[in-house]
Amino acid sequence: MILLDSSLNLEPFRQIDQVISGEGFIAPPSSAYIQRLQAALSEPVPLTLLIADRLRQLKGKHVSLFTGFVVPKLYPRGENDGPLGTLALARTLKRCGLIPTIWVDPPLLENAMWLAAELGVELDIHSIDLDLLGQVTPPATALAIEKPGRNAQGVMHTFDGIAIDGGSIPIDDLFMQWQTAGTLTIGIGDRGNEVGFGNLAKTVAQLLPVSATCRCGCGGGVVSVTPSQLFLPAAVSNWGAYGIAAALAILERDGRLLYLPDEEERLLHVAAVRGCVDGVRRQSGFGVDGLGGRVSIAIVQELRTIAQTALQ
Ligand SMILES: [Zn+2]
């Protein structure tokens, strides 16, 4: 269901997909991996355009955003990848006229509220409660942003093969239940172990043979088999969410929908002092997924430049 105007210039959206792959900002093999994943989805238009266009058709409707990558001992208060993108995109969706509700793993609840306060936006934020969620009216759309997904054995893993037990609450069954009920499901992920990667499980297996093994003995490897109707691979999941916000700003011709570089800087600091960790370095600090904070700020700056140029 693409309602796009045939005169729409696709170039800014191609640039957004490219920026969120990290090309020019991170190690070339890493951005090439993300670009191969993006291409393997074989969508007819750039992915950020496709997703933003579906979202803007849901004004006045409810959107549930899920995030939280919590592993006991390793990331007891969660990763900083996921929450920042979720809050930034939720603000954009709210300004766009949708009704967002954010659901986070319980240890992240306060952190998410601190981040929303720093972003200057009032958002409805809750702890994930599967009993409650199983009873609510399914939303028009649900997004999983850097949310661990189960492998074929039903086990969630870190990217390097550690089983997640007693941390993040699995939302895989809820997503499939809602999808059956008519909810548009959307995933954003960066490695292969997140909800939505079911769309690309074979591709990840081919490109990243190491993903076939894990360290927990389940034998299922780290790749999530949970699909989503739309999926966005990005070098850092936060960047994927920022890319969708930039695409919405262009489509809606509204610069207020953009997330800003100084906001990224402030939120990275807040996440660090609140104990959210860099998932690769496994400690709090000014950076995400092993990349310095300046890299993320540069990505946000580049997305803003693309959108502002398109809006001129
Ligand atoms: Zn395993």
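Helices in this account are DSSP runs of H or I with at least four residues, numbered from the N terminus. The model under discussion is a predicted one.

By that convention, Arg-253 belongs to the loop that links helix H9 (237-252) to helix H10 (261-273). The backbone of Arg-253 has a phi near 50°, which is a positive value in a residue other than glycine. Arg-253 has 10 C-beta neighbours inside 10 Å and therefore counts as exposed, the limit for that class being 12 or fewer. A second residue, Ser-42, also has a phi near 50°, again positive in a residue other than glycine. Ser-42 sits in the loop between helix H2 (28-40) and helix H3 (47-56). Ser-42 is classed as exposed because 6 other C-beta atoms lie within 10 Å.

The helix that follows this loop presents another picture. H3 is mostly covered, with 7 of its 10 residues buried. The buried residues of H3 are Leu-47, Thr-48, Leu-49, Leu-50, Ile-51, Ala-52 and Leu-55. As background to such a pattern, an α-helix has 3.6 residues a turn, so residues three or four places apart point the same way.

The strands come next. Strand S2 (residues 99-104) and strand S3 (residues 124-127) run parallel and are joined by 4 bridges. Within this pairing, Trp-103 has His-126 in S3 as its bridge partner. Together with helix H5 (residues 109-119), S2 and S3 form a β-α-β unit that is right-handed.

Further along the chain, strand S5 (residues 184-189) pairs with S6 in the parallel sense, over 4 bridges. Here Gly-187 lies opposite Phe-231 of S6. Helix H8 (residues 201-207) completes a right-handed β-α-β unit with S5 and S6. In a regular strand, side chains alternate between the two faces of the sheet. In strand S6 (residues 230-233), Leu-230 and Leu-232 point one way while Phe-231 and Pro-233 point the other way, and all are buried.

The account closes with the nonpolar interior. The largest nonpolar core comprises 97 residues, and those with the most contacts inside it are Tyr-242, Ala-245, Ala-246, Ala-247 and Leu-248. H9 gives the most to this core, contributing 11 residues. Which residues does Tyr-242 contact, leaving aside its neighbours within four places in sequence? Tyr-242 is in contact with Gly-85, Ala-88, Tyr-259, Ile-299, Val-300 and Leu-303.

How values were computed
Residues numbered from 1 in each chain as written. Predicted model: local features only at pLDDT ≥ 70, side-chain atom pairs only at ≥ 80, totals over all residues. Helix = DSSP H or I, 4+ residues; strand = E, 2+ residues; numbered from the N terminus. Buried ≥ 20, exposed ≤ 12 C-beta atoms within 10 Å, placed from the backbone. Pairing = 2+ DSSP bridges. Right-handed = clockwise from strand over helix to strand, strands pointing away. Core = buried A, V, L, I, M, F, W, Y, C linked by C-beta atoms within 7 Å. Contact = placed C-beta atoms within 7 Å.
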